[in-house]
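Reader: I have a model open on my screen and plenty of labels to make sense of. Could you walk me through what earns each label?

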Amino acid sequence: MEVEMDMMENLSSSMSPLLLRSMASSVFIYADKLFINLAEKFKPFEIIRYVLITSFLFFLRLLSFLFLSDLPPKSQSHVYTFNPPKSNDRYLIGSGVSDSGIARALSQVLSIVNDIPVSSRKYAIVRSLAEGLIEENRREDAEGLREVNRAVLSSAFSRTLSYLEAAMVELGQDRIGHDGAGPAPVQYWVKKALRVVRSVGDGVWAREGSGGVREDVNRSGNSAEKLAAELLWLAQKLVDCGFGEEAIERWASASNLASLSLLAEPRLQGSLVKVSTFLFKQARDMEMALDETEEFYEESRRQTKMKMLTSWLPLLCRASNGTDMPVLSINEKAELEKVLEETIELLDHEEQEQVLSLWLHHFAYCSSSDWPNLHALYCRWCTNSRKLLLLH
């Protein structure tokens with residue numbers, strides 16, 4: 001009965017904001033259509049329309065905050081506590097052993113590592129605490145604690161991937177606006193001004209005690225380059241704990257992030273190249289260490305290799321590798337070229353064609369880099385392809 005009363009109370013308290021939001025959306029859509037027609041005839045109305053759109057989005061954010069602050073304490077589940085995670089958590093770390101106190105503690109510490117900027121004097125302390133917890137779990141050599149490390153680190157890796165992708169989308173929008181290829185200069189500065197107002201508002205809400213209501217309050221101060229460095233760190237921790245395949249599979253599936261990386265700043269590209277280099281090497285080492293009789297996972301491993309190559313090989317070709325601050329040393333570049341060759345040669349003939357065709361396209365059209373040079377492998381593939389034609 002008490003649960004039903006709580007549900008009714010939450011429902012009644014949510015109806016008014018939802019109704020207001022629906023009415024406001026209807027009015028906004030109608031007004032937007034009017035401004036679209038006017039903007040075609042009068043250019044100033046395009047700027048007015050843009051201001052209205054951004055103001056409306058800010059209004060929706062404010063409405064969401066007011067709605068959440070009016071909810072009873074039981075329904076405000078966004079604030080971090082040491083209660084078991086809810087079933088609708090996007091980055092749920094699992095159940096059983098991984099849903100224990102030590103798992104929740106490690107998950108919180110890794111989340112804070114994402115949130116606070118490197119410039120904070122607490123960053124090194126929190127990161128050192130995370131490393132200590134991970135290492136202590138590993139030294140115990142217990143299956144339960146191994147599972148804690150696997151689940152929490154995998155969840156943190158996925159979360160950081162998501163944050164990095166969102167940060168790169170925002171950076172891309174800013175660069176488009178500033179370069180003049182997208183919104184007009186006035187719109188660009190209006191957007192920047194509204195972002196400042198939004199950040200100030202988020203900070204005020206956080207100080208007023210709504211800390212967990214806005215999950216990205218502190219994250220706006222984190223650079224994409226910082227998140228990329230944390231991805232490399234998390235990948236190294238997963239490998240140290242014996243779960244490198246978790247990072248490899250997630251990195252191979254991050255095709256959206258890989259596409260965004262082609263337009264990223266050189267320093268950020270360099271950080272992503274380091275992650276890709278590390279995981280390509282780990283994938284090769286894991287492949288060599290596997291028992292040849294393990295055929296059950298062969299198809300899954302092949303698909304992972306294909307996704308990883310097609311997603312991240314373009315970045316390796318196009319990333320800035322200048323002489324001022326080279327991302328990789330000459331020996332590291334040569335080693336990765338060998339790793340790429342060995343990885344590609346394990347694919348089927350048709351799959352090799354897809355990967356090498358992709359490599360040739362990006363390698364040929366990028367004038368600023370001559371790496372990775374897979375020319376010898378490409379020639380060998382052409383020779384094999386010629387032999388196959390003659391055999392048939």
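Reader: What makes Cys379 partly exposed rather than buried or exposed?

Author: Its relative accessibility is 34%. Buried means under 20% relative accessible area, exposed over 50%, and partly exposed in between (1.4 Å probe, protein chains only). So 34% puts Cys379 in the partly exposed class. Bear in mind that this is a predicted model, where local features need pLDDT of at least 70, side-chain atom pairs count only at pLDDT 80 or more, and totals for chains, interfaces and linings use all residues. Residues are numbered from 1 along each chain as its sequence is written, and side-chain values use heavy atoms, with hydrogens and water left out.

Reader: How do you know that Cys379 is in no disulfide?

Author: A disulfide is a pair of cysteine sulfur atoms within 2.5 Å. For Cys379 the nearest cysteine sulfur belongs to Cys382, 6.3 Å away, so the pair fails the cut-off. The structure as a whole holds zero disulfides.

Reader: And why is Cys241 called buried?

Author: Cys241 has a relative accessible area of 7%, so it falls under the 20% limit.

Reader: What is the overall fold made of, in helices and strands?

Author: The protein chain has 14 helices and zero strands. Helices (H or I, at least four residues) and strands (E, at least two) are DSSP runs, numbered from the N terminus. Of its 392 residues, 38% count as buried. Contacts (heavy atoms within 4.5 Å) reach across the sequence: of those with a separation of 6 or more, 77% are between residues 24 or more positions apart.

Reader: How do you know that the length of α13 fits a helix?

Author: Helix α13 covers residues 349-365, which is 17 residues. The expected span is 1.5 Å times one less than the number of residues. That gives 24 Å for α13, and its first and last C-alpha atoms are 24 Å apart.

Reader: What makes you say that the buried residues of α13 line one face?

Author: The buried residues are Glu351, Gln352, Val355, Leu356, Trp359, His362 and Phe363. Seen down the axis of α13, they fall within an arc of 130°, so they line one face of the helix. The arc is that of the directions from the helix axis to the C-beta atoms. An α-helix has 3.6 residues a turn, so residues three or four places apart point the same way. On the other side of α13, Glu350, Ala364 and Tyr365 are exposed. The cover over the buried residues includes α11, α12 and α14.

Reader: Which residues does Trp381 touch, and why is Trp381 called buried?

Author: Trp381 is found in helix α14. Its relative accessible area is 11%, so it meets the under-20% rule for buried. Leaving out residues up to four places away in sequence, Trp381 touches His349, Gln352, Glu353 and Leu356.

Reader: Why is α7 called largely enclosed?

Author: Twelve of its 17 residues are buried, so the rest of the structure largely encloses α7. Among them are Leu231, Leu232, Trp233 and Leu234, along with the charged-type names Lys226, Glu230 and Lys237. Just after α7, Gly242 takes a positive phi of about 90°.

Reader: What makes something a nonpolar core, and which residues touch the most other members here?

Author: A nonpolar core is a set of buried Ala, Val, Leu, Ile, Met, Phe, Trp, Tyr and Cys residues joined through side-chain atoms within 4.5 Å. The largest one has 72 residues, and Leu110, Phe157, Leu164, Trp251, Leu279, Phe280 and Trp312 touch the most other members. Helix α5 gives the most to this core, with ten residues. Beyond its neighbours within four places in sequence, Trp312 contacts residues including Trp251, Leu257 and Phe280.

Reader: What makes Asp141 and Pro372 worth pointing out?

Author: Most residues other than glycine have a negative phi, and most peptide bonds are trans. Asp141 has a positive phi, near 55°. Asp141 is in the loop between α4 and α5, and at 64% relative accessible area it passes the 50% mark, so it is exposed. As for Pro372, a cis peptide bond joins it to Trp371, with omega about -5°. Pro372 is in the loop between α13 and α14.
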